[in-house]
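Q: Please take a close look at one part of this structure, beginning with how its strands pair, and then follow the thread outward to the rest. I am new to it, so plain terms are best.

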Amino acid sequence: MQYNLPADLQYVETDEWLRIEGDEAIVGITDYAQSALGDIVFLELPEVGDTFTAGQTYGVIESVKASSDLYAPVDCEVLAVNSPLIDNQEPINSDPYGDGWMLRIKITGGTDQLLDVAAYTKSVEERDH
Amino acid sequence: MLKRTPLYQRHTALGARMIDFGGWEMPVQYSGLMAEHQAVRNSAGLFDISHMGRFSISGHDAQRFLQYVVTCDISGLSVGQSSYGLLCNDQGGIIDDVFVYCLPSEYLVVVNASNREKDWNWLQRRSTGFDVDMQDLSDRWAMLALQGPQAEALFCNSPTMQHTGLETLPFHEIALFGFFGVNGLIARTGYTGEDGFEIFCDAHRAELVWDALLALGPPDSVLPCGLGARDSTRFEACLALYGNEISEATNPYEARLGWVVKLDKGDFIGSTALREIKAAGVERKLVGFELAERGVARGGYLIHDLSGQPVGHVTTGMPSPTLNKPLGMGYVPTALSTEGSEFHVIIREKPVRARVVKMPFYKPRYKR
């Protein structure tokens, strides 16, 4: 299957994307993740000021058929959450890199673990058979 | 290597997302679970259910044998009628839930995909002393389900079905029809809580029949539907799924399937144990519940009573697309099984309050 994986973003294996702007970043889930989950109907996001280490669960996302954790892609502090998504999750499916964004974070650790689009595409292809 | 149905090529061509379902490579969704679910509730959806098992049982003792292995009473079935029943073990545990169709010279038993081998071996082993001939027709026949409030109109108004009398086929009956130049069986049965048909045809004709059913009515009247929508529709109608609500570790009475157990029909496998279980009363019961707080319960999550003691588990849970709220089914102690009873579902280590509601969540709209 073909997924929209923009070249200007960074990715992690757990299917989050980051748009890095200086020491801040916008975080969401990838087109592959939203497609695999199907129509999303429930979302739990953290509070502004919460801090996470890379790989730690920061939220929960649920579709009719499955429930999935959301993982912090880097060590971070939450600067803002996309709270309208709590009541209407539709943008996560329809616009995962735009209105479906989830967090604005301050990056407080390293970013070496992040994947570029080529590495993430490979990871998706290996799992999506 | 996963097994594939005769419609595998159709699924991939339609862009379905395929998953491993009990050893079968099956479509979980095509256009999207929600759209498919709505199609079944509002118009019509088409499912490939060829992965299910289809056994023919004939011979002099066919009826006597089936009476011995299923919990329902099939002695009253006329040709063309069917009955939902359970295969139970000697302890009263549920080996499988099955549909028994009475055909002119044989019985057709439809079993769950995940239990095909187990059921076959069980029936073989228990047939000693009976003059029966068992045939596994699963690979020779395909099976499709056309389900939804428009299923009848779309199918019966198609040129191929006009004047065949399909619209008069009663609920849970089966008959031989010709459709799209193919001969096969059509039953008014299903697993969605809607009116609809299950269609049996030769595996070699499956693609032709699938294509023709998808093309019924104006474009996009019939949506191909995957296992996701099959699960969400059967869940809303509170139809048991083997492996979730029922298993060898559950008995029919706690699963609220006591109505399928006909103790007065004479002895059958499990009847002694089932009589005892019924007389003693059950310690736990399957209930339907809604969540009073935010969260989604999923199969396998623990249920605690309000004092924090683990007392049961969730069998199936999801956000109900039709009722638009998270619902669940699960086993709780009988004392907590009455409507309005409250307990906690443990969601990610957090107790979330749940309340017992009436089942089914969605009242089936069968044509009777």
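A: Start with one residue pair: B:L302 has B:H313, in β16(B), as its bridge partner. The strands concerned are β15, residues 302–304 of chain B, and β16, residues 310–320 of chain B, which pair in the antiparallel sense over 3 bridges. A helix also belongs to this picture: α7 of chain B, residues 227–236, packs on the sheet and touches both β16 and β17 (325–333) of chain B. The direction of α7 makes about 115° with that of β16(B). What is described here is a predicted model.

β15 and β16 belong to a closed barrel of 6 strands in chain B, whose order is β14-β17-β16-β15-β18-β19 and whose pairing is antiparallel. From one strand of the barrel to the next, the twist averages 45°. The segment that follows β19 (350–357) of chain B contains B:P360. The peptide bond joining B:M359 and B:P360 is cis, with omega at about -5°.

Chain B also has an open sheet, again of 6 strands, in the order β10-β11-β12-β9-β3-β13, and here the pairing is mixed. β10 (174–179) and β13 (222–224) of chain B are the edge strands, each pairing on one side only. The twist in this sheet averages 30° from one strand to the next. Within the open sheet, β11 (residues 182–187) and β12 (residues 196–202) of chain B run antiparallel and are joined by 3 bridges. One residue pair there is B:I186 with its bridge partner B:I199, which lies in β12(B). The loop between α6 (206–214) and β13 of chain B holds B:D220. The phi angle of B:D220 is near 65°, a positive value in a residue other than glycine.

Chain B does not stand alone: 19 of its residues are in contact with 21 residues of chain A. The area buried between the two chains is about 1500 Å², and carbon and sulfur atoms give 50% of that area. On the chain A side, A:F42, A:V64 and A:K65 supply 38% of the area that chain A buries against chain B, more than any other three residues.

Charged and polar pairs also cross between the chains. Side chains of opposite charge can pair when their charged atoms come close. The count between chain A and chain B is 2 salt bridges. B:R348 forms a salt bridge with A:D69, and their closest N and O atoms are 2.2 Å apart. Polar contacts between the chains come to 11 residue pairs, with both residues at pLDDT 80 or more. Several elements of chain A take part in the side that touches chain B: α1 (31–37), β4 (40–44), β6 (57–63) and β7 (67–71) each supply at least two residues. The largest share of that side, 4 residues, comes from β4(A). By type, the residues on the side of chain A that touches chain B divide into 10 nonpolar, 5 polar and 6 charged.

Over all chains, a search of the whole structure finds 29 salt bridges. Chain A provides an example within a helix: A:E126 forms a salt bridge with A:K122, the closest N and O atoms being 3.5 Å apart. Both residues lie in helix α4 (residues 117–127) of chain A, where A:E126 and A:K122 are 4 residues apart, about one turn of the helix.

Methods:
Residues numbered from 1 in each chain as written. Chains lettered and ligands numbered in written order. Predicted model: local features only at pLDDT ≥ 70, side-chain atom pairs only at ≥ 80, totals over all residues. Heavy atoms only, no water. Contact = heavy atoms within 4.5 Å. Buried area = accessible area lost by both parts, 1.4 Å probe. Salt bridge = Lys/Arg side-chain N within 4 Å of Asp/Glu carboxyl O. Polar contact = N/O pair within 3.5 Å; in protein donor to acceptor, adjacent residues only side chain to side chain. Nonpolar A, V, L, I, M, F, W, Y, C, P; charged D, E, K, R; others polar. Pairing = 2+ DSSP bridges. Axes fitted to C-alpha atoms, helices over the stretch in contact; angles between N-to-C directions.
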